[in-house]
Amino acid sequence: MISGKTKVCAIIGNPIEHSLSPAIHNAAFNACSLDYVFVAFQVKKEELREAVQGFKALGVAGFCVTIPHKVAVMAYLDALDPLAKAIGSVNTVVNNNGILTGYNTDAPGFLEPLTTRGIELESKNVVMLGAGGAARAVAFMLVNEGARLTVLNRTLSRAEELAGGIKVSLKKDVNALEMNYENLKRAISQADICVNTTSIGMSPNTNETPVPAELLHPHLTVYDIVYNPAETRLICEAKKRGAVTLNGAEMLAWQGALAFEKWTGYKAPIEIMLKELKRALGYHED
Ligand code: ATR
């Protein structure tokens, strides 16, 4: 029951109506019997500042930030967690008595599904496909955990820019290459882990894949951060080759769980959040 004491959390983005965050966060609040409610707001770029100030005035407990505001929102916050600052994007904001602090839970959210499976990154050869918004947090986390990273992107300059950013923040070298057949072949043949951060294969383009099937091998772990569909063509072909596979649903649930913990101080009910996410996505129970 919503009362005069109910605390409010939110997500801002544009578009926002298809966001799954209200479903997973409200399920988590209910499961923990917490007097919180989570709602979604569509916020235009030119109204981002007013939206953030409004949240402060209204005393919302915290909010999530999604596309296209993850970088721009940083200018309107009072403080930044060092990880968010180093990555250069914020997806979670905590309101502590009127002080808004920005965090990045995408990066640790990406790592958790690997950690829980006992997959180490130290000294592993990792190929990351894509150099867009989602790739920043992923690349930072991979290199920070000691992986030797090669980034392949259709637009080489974006891969080089990403590598340059990592060099500045972590003082580590990242290999940047154009995403073509020869480079994919060479990089993947030497790789332990291949992460897809591009939108290739995402619904409705489910027949597309960033990696030709013959380049996949059984010693590879394939992590596709796409979560819709549950099994992208890449995941499906990797499984057929005997590779270990992970999709993006767990990452999405974990970034939400880590935000929940920052707002409430309670341990997040990750299994419930993941179950609710899979239900909302229409996954068949595995
Ligand atoms: P996001 O924030 O979700 O990462 P983005 O910033 O638009 O979205 O990045 C999308 C990524 O997918 C980019 O790496 C993009 O490559 P470019 O930098 O060359 O645009 C990649 N991508 C999307 N569609 C692609 C396609 N058909 N072929 C190759 N790369 C593609």
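What follows is a chat about a predicted model with a ligand.

Visitor: Before we start, is this model predicted or what?
Guide: Predicted, yes.

Visitor: OK, the ligand. Which residues come nearest?
Guide: There are 13 residues around the ligand, and A131, N153, R154, T155 and R158 come nearest.

Visitor: How does that shell divide into nonpolar, polar and charged?
Guide: Four residues of the shell are nonpolar, seven are polar and two are charged.

Visitor: Which atoms of R154 and T155 lie by the ligand oxygens?
Guide: For R154, an N or O atom in the side chain is 2.9 Å from an oxygen atom of the ligand. For T155, a polar side-chain atom lies 2.5 Å from a ligand oxygen.

Visitor: And A134, what does that one offer?
Guide: A134 has a backbone N or O atom 3.0 Å from an oxygen atom of the ligand.

Visitor: How much of the ligand does the protein bury?
Guide: The protein buries 69% of the 640 Å² that the ligand exposes when taken alone.

Visitor: Let's move to helix α5. Which of its residues are buried?
Guide: α5 covers residues 133–144, and its buried residues include A135, A137, V138, A139, F140, M141, L142 and V143.

Visitor: What follows α5?
Guide: G146 does, with a positive phi near 95°.

Visitor: Now strands. Which way do the side chains of β10 point?
Guide: In β10, residues 193–196, I193 and V195 point one way while C194 and N196 point the other. All of these are buried. That fits the usual pattern, since side chains in a regular strand alternate between the two faces of the sheet.

Visitor: What does β10 pair with?
Guide: Strand β7, residues 125–129, runs parallel to β10 and is joined to it by four bridges. Strand β11, residues 221–224, also runs parallel to β10, again with four bridges.

Visitor: Which residues are bridge partners there?
Guide: L129 has N196 in β10 as its partner. V195 is partnered by Y223 in β11.

Visitor: There's another sheet, right? What is the order of its strands?
Guide: Six strands form an open sheet in the order β2-β1-β3-β5-β6-β4, with mixed pairing.

Visitor: Why is one side of β2 and β4 left without a neighbour?
Guide: β2 (36–42) and β4 (79–80) stand at the edges with a single partner strand each, so one side of each has no neighbour in the sheet.

Visitor: And inside that sheet, how do β3 and β5 run?
Guide: Antiparallel: three bridges join β3, residues 62–65, to β5, residues 92–96. G62 stands opposite V94 in β5.

Visitor: Switching topic: how many disulfides?
Guide: Zero, from a search of the whole structure. For C9, the nearest cysteine sulfur is that of C64, 7.9 Å away. For C32, the nearest is that of C9, at 13 Å.

Visitor: Why do you say 7.9 Å doesn't make a disulfide?
Guide: Because a disulfide is a pair of cysteine sulfur atoms within 2.5 Å.

Visitor: C9 and C32, buried or exposed?
Guide: C9 counts as buried, at 0% relative accessibility. C32 is partly exposed, with a relative accessible area of 25%.

Visitor: Where does V90 lie?
Guide: V90 is in the loop between α3 (82–87) and β5. Although in a loop, V90 is buried, with a relative accessible area of 0%.

Visitor: How far apart are V90 and T150?
Guide: They are 60 residues apart in sequence and 24 Å apart in space, C-alpha to C-alpha.

Visitor: Last area, the loop between β12 and α9. What is N247 doing there?
Guide: N247 sits in that loop, between β12 (244–246) and α9 (249–264). N247 is buried, with a relative accessible area of 18%.

Visitor: What does the N247 side chain reach?
Guide: The backbone nitrogen of A249, at 3.1 Å. The side chain of N247 also makes a polar contact of 3.2 Å with the side chain of Y283.

Visitor: And G248, buried or exposed?
Guide: G248 is in the loop between β12 and α9 as well, and at 2% relative accessibility G248 counts as buried.

Visitor: How far is G248 from D224?
Guide: The two are 24 residues apart in sequence, and their C-alpha atoms are 6.0 Å apart in space.

Definitions and conventions: Residues numbered from 1 in each chain as written. Predicted model: local features only at pLDDT ≥ 70, side-chain atom pairs only at ≥ 80, totals over all residues. Heavy atoms only, no water. Near = heavy atom within 4 Å. Polar contact = N/O pair within 3.5 Å; in protein donor to acceptor, adjacent residues only side chain to side chain. Areas by Shrake-Rupley, 256 points an atom, 1.4 Å probe, with all protein chains shown as cover. Nonpolar A, V, L, I, M, F, W, Y, C, P; charged D, E, K, R; others polar. Buried < 20%, exposed > 50% of the residue type's maximum accessible area, 1.4 Å probe, protein only. Helix = DSSP H or I, 4+ residues; strand = E, 2+ residues; numbered from the N terminus. Pairing = 2+ DSSP bridges.
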